[in-house]
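The following exercises concern burial, contacts and overall architecture. Each task is followed by a stepwise solution.

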Amino acid sequence: MVMSNLTTLSLSSDKSILSMGPSHRWGEVYKFLADYDLTVPGGRLSPVGVPGLLLAGGVNFYGNQVGFSADNVIQYEVVLATGNIVYASKSSYSDLFWALKGGSSNFGIVTRFDIKTIPSKKVWAGIYSVASADVPALLAVCLPFRANSS
């Protein structure tokens, strides 16, 4: 199924909730939120897709503070096998809401995710590689920083 036209990407009026469609990858989401000094507990690599991470649990950079990525979804817009569109949350379709947090796409087609935002001035999602010959220089820079950050 192609979800590329489900491109919702918007903030609530108080900027505490991000609504996003399943067409996005986390790099696009982070770029959108950077203008607002916000982030969400999403993928740690920019090419990771939003639905795959949020429907499978989701390890993220803020896990120690906010739990898995799926723990921060407050509502799913879902098309059921009957064709009905429902909004699953703690108070509405709560069994479906619970099942989607790690149950993959087995319970319907999620067409929108509403997730809590987190204040953040900088998020980087990517890979940085260093040639083995440059590792000593990298460690010389990083280790003093690590020692001073605790």
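**Exercise 1.** Determine whether I17 is buried or exposed, and describe its surroundings.

*Solution.* Step 1: I17 has a relative accessible area of 17%. Buried means under 20%, exposed over 50% and partly exposed in between, with a 1.4 Å probe and protein chains only, so I17 is buried. The model is predicted: local features need pLDDT of at least 70, side-chain atom pairs count only at pLDDT 80 or more, and totals for chains, interfaces and linings use all residues. Residues are numbered from 1 along each chain as its sequence is written, and side-chain values use heavy atoms, without hydrogens and water.

Step 2: I17 lies in strand β2 (residues 17-20); strands are DSSP runs of E of at least two residues, helices runs of H or I of at least four, numbered from the N terminus.

Step 3: Beyond its neighbours within four places in sequence, I17 has contacts (heavy atoms within 4.5 Å) that include L11, I74, I115 and K116. The C-alpha atoms of I17 and K116 are 4.7 Å apart, although 99 residues separate the two in sequence.

**Exercise 2.** Which residues of helix α1 are buried, and how are they arranged?

*Solution.* Step 1: In α1 (residues 26-34), the buried residues are W26, V29, Y30 and L33.

Step 2: Seen down the axis, they fall within an arc of 95°, taken from the directions from the helix axis to the C-beta atoms; they therefore line one face of the helix.

Step 3: Their cover includes β1 (9-11), β2, β3 (38-39) and α2 (50-54).

**Exercise 3.** How many helices and strands does the protein have?

*Solution.* There are five helices and seven strands, in the order β-β-α-β-α-α-β-β-α-β-β-α.
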